[in-house]
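You asked for a quick read of this one before you open it yourself. Here are my notes, written for someone coming to it fresh.

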Amino acid sequence: MEMLGNRRLGVTQQQAWEALNDPETLKKCIPGCDKFELTGDNQYSVALAVKIGPVSAKFNGKVLLSDIVAPDGYKLTFEGQGGVAGFAKGSSSVTLKPVAAEAPVAVAVAAPADAGIAHEADAATPPAPAAGCELDYTVQAQVGGKIAQLGQRLIDGAAKSTADDFFKRFEAEMQSRYGPPPAPAAEAAEAPAEKAGMMSGLMKKIGLGKKDDKDAPAAPGGDAA
C-alpha cells in the first residue's frame, strides 16, 4: 500500500514540529491509539485498535524516528502485530515547510470631494496575518494475515479514513492550544473601506457637501466669491 498527501496547517512550522514529536499529542490524535510511549532514543512503543471492514484487532508494535532534521521533517518506521488479524509494517516520511502569509493590500480611503481638500485619508496597510505551514507525507506499508485478504481497495479506504481522522483531531488540538488561525488581513480591511465609500456617496446625494456654497453671501458686484 502506498499513500501520499498534503495538508495546510494553521500553526507555525515550529508549533507543528513540537506537536508531531510529542507522544501525548500523537496518542490523542491517532485514531484508536491506547499507548504511545517513549522507550528509547527516538523509539516508541505503540498500541492501537484497528478496524478494517469486518476485521477488528489490537495491534502492538514500535515506531522508530530517523533522518531527523528539525523542524523540517523525519522518517518514521513502524511495525506491529495484531495476532490472528495479521501484521503491518512500513515507513513514512513527514516534511514540514513554512507558508508565507500573503502581503496585505493597502486600502486608501479618499476624502469627500466637497471637503475642499485633495488628499487621500489614512492609507494604511494592515499587519500581515501569522503564517501557517504545510505538511507533506508519504506512506509505504505492507500488511499480512486476515487483513491482507480483505482486498486492496478496502485497505486503502481505511488508511485514507484514518489519515483524515488524524488530521481533523490534530488541527482541533492545535486550535485548542494556539487558537484559530487569524482571518486574512485583506478581508478585515475590506469592510471599513466599503463603509467609508458608502458614507461619502450618501453625503453627496443629500447635498451636505454643497450646503456651505449655497449659503455663502454674494461678493460685491454680484459675482460669487
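The points below go from the overall layout to single residues.

1. First, a caveat and the broad layout. This is a predicted model. The protein has 5 helices and 9 strands, and along the sequence they come in the order β-α-α-β-β-β-β-β-β-β-β-α-α-α. If you scroll through, that is one strand, a pair of helices, a run of strands and then helices to finish.

2. Next, some whole-protein numbers. Of the 225 residues, 27% count as buried. The accessible surface is about 14100 Å², and carbon and sulfur atoms hold 55% of that. Taking the contacts with a separation of 6 or more, 58% are between residues 24 or more positions apart.

3. Helix 3 is a good place to start looking. Helix 3 covers residues 152-178, which makes 27 residues. From first C-alpha to last, helix 3 reaches 38 Å, close to the 39 Å expected at 1.5 Å a residue. Just after helix 3 comes G179, with a positive phi near 90°.

4. Which residues of helix 3 are buried? They are I155, A158, A159, A163, F166, F167, F170, E173 and M174. Note that E173 is on that list along with the three phenylalanines F166, F167 and F170. The partners of these buried residues are spread along the chain: strand 1 (2-9), helix 1 (13-20), helix 2 (23-29), strand 3 (43-52) and strand 9 (132-144).

5. Now the open space. The largest pocket holds about 1200 Å³. There are 40 residues lining that pocket, and the closest to its centre are I30, L48, F78, V139 and T162. Helix 3 gives the largest share of the lining, 8 residues. At least two lining residues each also come from strand 3, strand 4 (55-69), strand 5 (73-81), strand 6 (87-99) and strand 9. By type, the lining of the largest pocket divides into 31 nonpolar, 6 polar and 3 charged residues.

6. I30, one of the residues closest to the pocket centre, deserves its own look. I30 is in the loop between helix 2 and strand 2 (33-40). Neighbours within four places in sequence aside, I30 is in contact with F36, L48, F166 and R169. L48 is also among the residues closest to the centre of the largest pocket, and F166 is one of the buried residues of helix 3. The C-alpha atoms of I30 and A163 are 8.5 Å apart, although 133 residues separate the two along the chain.

7. There is a closed space too. The count gives 1 cavity of 30 Å³ or more, with a volume of about 40 Å³. L20, N21, L26, F36, Y44, V63, L65 and Y74 line the largest cavity. That makes 7 nonpolar residues, 1 polar and no charged. F36 is thus in the cavity lining and also in contact with I30.

8. Two buried strand residues are worth clicking on. Why does S91, in strand 6, count as buried? Its relative accessible area is 16%, and the cut-off for buried is under 20%. S91 is in contact with K75, L76, T77, F78, T138, V139 and Q140, leaving out neighbours within four places. C133, in strand 9, is buried as well, at 0% relative accessible area. Beyond four places in sequence, C133 touches R7, R8, L9, V11, T12, Q13, A16, L96, K97, P98 and V99. The C-alpha atoms of C133 and P98 are separated by 4.3 Å, with their positions 35 residues apart along the chain.

9. Last, some backbone details to check. Most residues other than glycine have a negative phi, and most peptide bonds are trans. The peptide bond from A70 to P71 is cis, with omega near -5°, and P71 is in the loop between strand 4 and strand 5. N42 is not a glycine, yet has a positive phi of about 60°; N42 is in the loop between strand 2 and strand 3 and counts as partly exposed at 29%. D67, also not a glycine, has a positive phi of about 50°. D67 is in strand 4 and counts as exposed, at 57% relative accessibility.

Key: Residues are numbered from 1 along each chain as its sequence is written. This is a predicted model: local features need pLDDT of at least 70, side-chain atom pairs count only at pLDDT 80 or more; totals for chains, interfaces and linings use all residues. Side-chain values use heavy atoms; hydrogens and water are left out. Helices (H or I, at least four residues) and strands (E, at least two) are DSSP runs, numbered from the N terminus. The expected span of a helix is 1.5 Å times one less than its number of residues. Buried means under 20% relative accessible area, exposed over 50%, partly exposed in between (1.4 Å probe, protein chains only). Contact means heavy atoms within 4.5 Å. On a 1 Å grid over the protein atoms alone, a cavity is a set of points where a 1.4 Å probe fits but cannot get out, and a pocket is an open set with protein on both sides within 12 Å along at least five of seven lines; lining residues have an atom within 4 Å of a point. Grid points are joined across faces, edges and corners, and a volume is the space filled by probe spheres set on the points. Ala, Val, Leu, Ile, Met, Phe, Trp, Tyr, Cys and Pro count as nonpolar, Asp, Glu, Lys and Arg as charged, and the others, Gly among them, as polar. Accessible areas come from the Shrake-Rupley method with a 1.4 Å probe; for residues, only the protein chains shown count as cover.
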